Amino acid sequence: MTLTGNWSYPTAIRFGAGRIKELPDACIQAGIKRPLLVTDRGLAELPITRATLDVMDGAGLGRGLFAEVDPNPTERNLAAGVEAYKAGGHDGVIAFGGGSGLDLGKLVAFMAGQTRPVWDFEDIGDWWTRANADAIAPIVAVPTTAGTGAEVGRASVVTNPDTHVKKIIFHPRILPSVVICDPELTVGMPSPITAGTGLDAFAHCVEAFSSPHYHPMSQGIALEGMRLVKDYLPRAYADGSDIEARGQMMSAAMMGATAFQKGLGAIHAMSHPIGAVFNTHHGTTNAVCMPAVLAFNADSIRGRFDRVAAYLDIDGGFEGFTSFVQAFNDQMGIPRKLSDLGATPDRIDELAEMAIQDPSCGGNPVELTVENLKGLFRSCM
């Protein structure tokens with residue numbers, strides 16, 4: 001199957017193998033003449049990044065690059081990125097990479113024109129209205145993984161390096177203007193990153209489907225997103241050059257991020273502090289937490305996941321689905337315990353206090369408290 005297309009979401013999405021060559025036209029469409037490409041350190045020297053810089057340079061867009069981005073981006077990364085943006089006289093950002101590069105790139109475009117600190121725009125109430133919307137630079141997003149869906153998101157996650165607390169920063173205008181989803185850019189992903197990012201997309205769909213909030217469109221998108229991950233992640237994991245599987249996983253990633261407008265829950269409330277304190281991979285952390293959270297939410301979600309199991313051709317209703325999730329994790333080489341990722345039980349009290357402050361808590365179908373979060377962390381250690 002050939003996967004290609006142009007969609008509006010309201011972001012313009014250019015989807016298909018080889019479409020990175022359209023990056024100059026995407027910048028024109030977004031109104032960018034001198035872009036800064038923001039990515040993480042690991043991607044900076046890889047062939048896909050060098051080739052992308054060549055495409056930019058050949059079109060007269062320069063080779064502006066900022067790659068001082070940690071796996072869990074921090075406020076210090078953001079400050080350095082804004083400084084590079086201003087020093088280079090840039091007028092827009094190409095956010096390039098996985099979740100870290102995409103999130104930090106979006107925030108550089110957001111914060112370059114603001115006068116208040118980034119923490120003033122946390123995703124609480126109407127704090128986003130504090131921003132000068134006219135000062136937000138245009139963004140073109142180019143994902144190189146298939147998981148976070150940050151390319152179609154209106155928020156970014158950033159860590160305070162002093163407190164080790166992750167915060168979600170929101171503004172409608174940091175939704176990228178144009179997205180290029182080229183599955184060829186994901187071919188070189190190592191299998192553990194393929195697994196972790198793919199299961200991040202799955203967690204987004206699972207939590208959106210679990211959320212008690214009303215959003216039937218997100219519900220349908222989450223359901224189909226789960227199917228795409230179930231059918232295509234094993235293929236992408238086994239054979240990284242499987243372009244159809246890579247393309248379907250890029251679709252699943254966008255679908256997960258679209259669906260979680262309906263809400264997230266305990267999986268993300270737990271993984272955000274774990275990632276901030278222990279610097280773990282976000283998607284892998286989500287996957288480790290997922291079985292325990294499904295069990296915790298069982299009484300509230302059993303009926304709806306009976307229907308999910310039927311749609312995914314999984315026998316046994318909710319119990320069959322939860323068994324599938326653990327077996328799927330095992331198939332993808334995901335550890336069963338957070339301790340295998342370096343987390344330690346001596347921080348559980350602190351982690352629970354951090355988790356209860358996470359806005360993801362509001363989408364969990366069972367009310368979360370510090371005490372039941374402590375129990376969840378213990379069960380995952």
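A salt bridge here is a side-chain nitrogen of Lys or Arg within 4 Å of a carboxyl oxygen of Asp or Glu. In this predicted model, Arg 235 and Glu 244 form such a pair through their side chains, with an N to O distance of 3.2 Å. The two partners fall into separate accessibility classes: Arg 235 is partly exposed at 32% relative accessible area, while Glu 244 has 18% and counts as buried. Glu 244 is classed as buried because the class takes in residues under 20% relative accessible area.

By this rule the structure has 21 salt bridges. One of them joins the side chains of Asp 54 and Arg 63, with N and O 2.8 Å apart. Asp 54 is partly exposed, at 45% relative accessibility, and Arg 63 is also partly exposed, with a relative accessible area of 39%. Another salt bridge links Arg 347 to Glu 350, where the closest N and O atoms are 2.6 Å apart. In this pair Arg 347 has a relative accessible area of 25% and is partly exposed; Glu 350, at 32%, is partly exposed too. Salt bridges can also be linked to one another, as in the network made of Arg 14, Arg 19, Glu 22 and Asp 25.

From charged pairs we turn to a buried polar residue. Thr 39 sits in the loop that runs between strand E3 (35-38) and helix H2 (41-44). Its relative accessible area is 0%, so Thr 39 is buried. The side chain of Thr 39 comes to 2.8 Å from the backbone oxygen of Phe 96. Phe 96 also appears among the contacts of Thr 39 when neighbours within four places in sequence are left aside. That list further includes the run Leu 65, Phe 66, Ala 67, Glu 68 and Val 69, together with Ala 44, Gly 97 and Gly 101.

The next topic is empty space inside the protein. Rolling a probe the size of a water molecule over the atoms shows where such space is left. The structure holds 1 cavity of 30 Å³ or more, and the largest cavity has a volume of about 40 Å³. Two elements give two or more residues to the lining of the largest cavity, namely helix H6 (191-210) and helix H10 (282-296). H6 gives the most, with 3 residues. The lining is made up of Val 206, Glu 207, Ser 210, Ile 267, Val 293, Leu 294, Asn 297, Ile 301 and Asn 364. Sorted by class, these are 5 nonpolar, 3 polar and 1 charged residues.

Two of the lining residues, Asn 364 and Ile 301, can be followed further. Asn 364 belongs to the loop between H13 and H14. With 6% relative accessibility, Asn 364 counts as buried. Its side chain reaches two backbone atoms: the nitrogen of Ala 266 at 3.0 Å and the oxygen of Val 366 at 2.8 Å. Ala 266 is also one of the residues that Asn 364 touches beyond four places in sequence, along with Pro 212, Leu 264, Gly 265, Val 293, Phe 296 and Asn 297. Of these, Val 293 and Asn 297 also line the largest cavity. Ile 267, another lining residue, is 97 residues from Asn 364 in sequence, yet the C-alpha atoms of the two are 8.8 Å apart.

Ile 301 is part of helix H11 (residues 298-311). At 0% relative accessibility, Ile 301 counts as buried. Leaving aside neighbours within four places in sequence, Ile 301 is in contact with Ser 210, Leu 294, Phe 318 and Pro 365. Ser 210 and Leu 294 line the largest cavity as well. Ile 301 and Phe 209 are 92 residues apart in sequence, with a C-alpha to C-alpha distance of 8.9 Å.

Helix H14 covers residues 370-380, and its buried residues are Val 370, Asn 372, Leu 373, Lys 374, Leu 376, Phe 377 and Cys 380. These buried residues pack against helix H9 (266-278), H10 and helix H13 (348-356). H10 therefore enters the description in two places, as a helix that packs with the buried residues of H14 and as a contributor to the lining of the largest cavity.

Conventions:
Residues numbered from 1 in each chain as written. Predicted model: local features only at pLDDT ≥ 70, side-chain atom pairs only at ≥ 80, totals over all residues. Heavy atoms only, no water. 1 Å grid on protein atoms, 1.4 Å probe; cavity = no way out; pocket = protein on both sides within 12 Å on 5 of 7 lines; lining within 4 Å. Points joined across faces, edges and corners; volume = space filled by probe spheres on them. Helix = DSSP H or I, 4+ residues; strand = E, 2+ residues; numbered from the N terminus. Nonpolar A, V, L, I, M, F, W, Y, C, P; charged D, E, K, R; others polar. Buried < 20%, exposed > 50% of the residue type's maximum accessible area, 1.4 Å probe, protein only. Polar contact = N/O pair within 3.5 Å; in protein donor to acceptor, adjacent residues only side chain to side chain. Contact = heavy atoms within 4.5 Å.
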